[in-house]
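The following exercises concern the architecture and burial pattern of a protein chain. Each task is followed by a worked solution.

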Amino acid sequence: MAPSSSLVSKLKVQLKLSISRLRMVQQKDTAIAKQQRRQMAHLLEQGKEESARIRVENIIRSDITTELLEVLELYCELLLARIGLLEPKECDPGLEEAIKSIIHAAPRTDVKELQQARQLLVEKYGKDFALDAVENRDGKVAERVVKKLRVEPPDPVLVDLYLREIAKTYGVDWPRKPSQGYNGSDEEDDDDEPSSGQAVKNLEEPLTTDELSKATPPRDLGPKSPVSIAPPSPSTDNLNPRVKLPGPPELKPSAKMSGLKKQTPSTQAQSDPKSADSNVHGKGSVGGKIPDVDELSRRFAALKK
């Protein structure tokens with residue numbers, strides 16, 4: 001027989017492997033069960049209720065097995081957390097239920113890591129201890145583990161509950177209610193007045209042709225532009241916002257040009273007497289007429305001065 005410390009170290013490794021493996025198997029079974037539920041919903045939608053009742057038993061058995069694996073995972077975590085209590089030769093009373101439950105249920109599962117951990121526990125505590133756990137002579141195996149290992153047909157009430165839940169989850173109308181015949185004489189109300197006692201408003205008279213011709217057509221009549229611009233919302237800075245469409249840039253005169261425009265003819269005459277004189281002499285050429293030779297000679301003489 002191997003020393004107790006080496007068995008405990010090996011058992012610690014196997015417990016960690018068993019926990020990870022049990023979680024993977026649970027996730028896989030859950031995914032398969034979800035796919036099977038979708039198939040059950042399809043059968044119920046097609047009206048194949050008997051086939052759905054038979055196949056839903058596999059889903060129930062898969063859910064029970066998943067719950068069993070979850071319980072065994074909890075027991076493995078308990079042994080891993082209290083690994084120091086496994087050093088003594090005798091089994092600790094606080095761990096007896098977990099150890100015997102693992103020894104009792106491990107052969108009924110497909111998790112090899114858990115079966116190897118079971119072998120190490122049997123080697124640790126002996127064959128008599130393992131035989132008591134397998135046959136559950138002293139009733140130390142957890143009742144929920146024993147119940148989930150029983151092979152028996154599910155209760156019809158449980159089958160109905162499963163089918164109802166599947167139909168509700170996937171939006172299937174099941175069980176289908178019998179269609180009620182429509183009786184128009186019972187639901188029609190021949191009374192012209194409503195039940196509340198309020199008078200019914202008379203319908204407005206239709207408009208005549210002349211009134212329709214005078215009416216203004218709505219703004220949205222006719223083809224609409226594919227481009228629409230929403231005006232900005234008003235704010236405290238701009239109470240009446242407006243949409244500015246892109247266009248040619250607006251040319252504004254500079255400060256120098258605006259100052260020149262403000263000057264009067266009298267100021268221009270004072271600042272430039274020669275130009276004023278020329279303007280006086282050139283009044284005769286207003287209107288874009290070409291000056292004569294005498295006028296040009298006078299201008300040249302004024303420029304030479």
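The model is predicted. About 23800 Å² of the protein chain is exposed, and carbon and sulfur atoms account for 53% of that area.

**Exercise 1. Overall architecture**

Determine how many helices and strands the protein chain contains, and what share of its residues is buried.

*Solution.* Step 1: the protein chain holds 13 helices and 0 strands. Step 2: its pattern along the sequence is accordingly written α-α-α-α-α-α-α-α-α-α-α-α-α. Step 3: of the 305 residues, 25% are buried. Step 4: consider contacts between residues at least 6 apart in sequence; 70% of these join residues at least 24 apart.

**Exercise 2. Nonpolar cores**

Identify the residues with the most contacts inside the largest nonpolar core, and state which helices each supply at least two of its residues.

*Solution.* Step 1: the largest nonpolar core comprises 39 residues, and those with the most contacts inside it are Leu79, Leu86, Ile99, Ile103, Leu114, Leu121 and Val145. Step 2: at least two residues of this core come from each of helix 1 (4–46), helix 2 (49–81), helix 3 (93–105), helix 4 (112–125), helix 5 (127–135) and helix 6 (143–148). Step 3: another core, of 15 residues, lies apart from it and includes Met40, Val159, Ile166 and Trp174.

**Exercise 3. The surroundings of Leu43**

Is Leu43 buried or exposed, and with which residues is it in contact beyond its neighbours within four places in sequence?

*Solution.* Step 1: Leu43 is located in helix 1. Step 2: the relative accessible area of Leu43 is 9%; this is under the 20% cut-off, so Leu43 is buried. Step 3: with neighbours within four places in sequence set aside, Leu43 is in contact with Lys48, Ser51, Ala52 and Arg55. Step 4: Leu43 and Arg53 are 10 residues apart along the chain, and their C-alpha atoms are separated by 9.7 Å.

**Exercise 4. The geometry and sides of helix 7**

Compare the expected span of helix 7 with the distance between its end C-alpha atoms, and then locate its buried residues around the axis.

*Solution.* Step 1: helix 7 (residues 156–169) has 14 residues, which at 1.5 Å a residue should span 20 Å. Step 2: the end C-alpha atoms of helix 7 are 20 Å apart, in agreement with that expectation. Step 3: the buried residues in helix 7 are Val159, Tyr162, Leu163, Ile166 and Ala167. Step 4: these residues lie on the same side of helix 7, because they cover an arc of only 130° around the axis. Step 5: the general principle is that an α-helix has 3.6 residues a turn, so residues three or four places apart point the same way. Step 6: Val157, Leu161, Lys168 and Thr169 are exposed on the other side of helix 7. Step 7: after helix 7 comes Gly171, with a positive phi near 65°.

Notes: Residues numbered from 1 in each chain as written. Predicted model: local features only at pLDDT ≥ 70, side-chain atom pairs only at ≥ 80, totals over all residues. Heavy atoms only, no water. Helix = DSSP H or I, 4+ residues; strand = E, 2+ residues; numbered from the N terminus. Buried < 20%, exposed > 50% of the residue type's maximum accessible area, 1.4 Å probe, protein only. Contact = heavy atoms within 4.5 Å. Areas by Shrake-Rupley, 256 points an atom, 1.4 Å probe, with all protein chains shown as cover. Core = buried A, V, L, I, M, F, W, Y, C linked by side-chain atoms within 4.5 Å. Expected span 1.5 Å × (residues − 1). Arc of directions from axis to C-beta.
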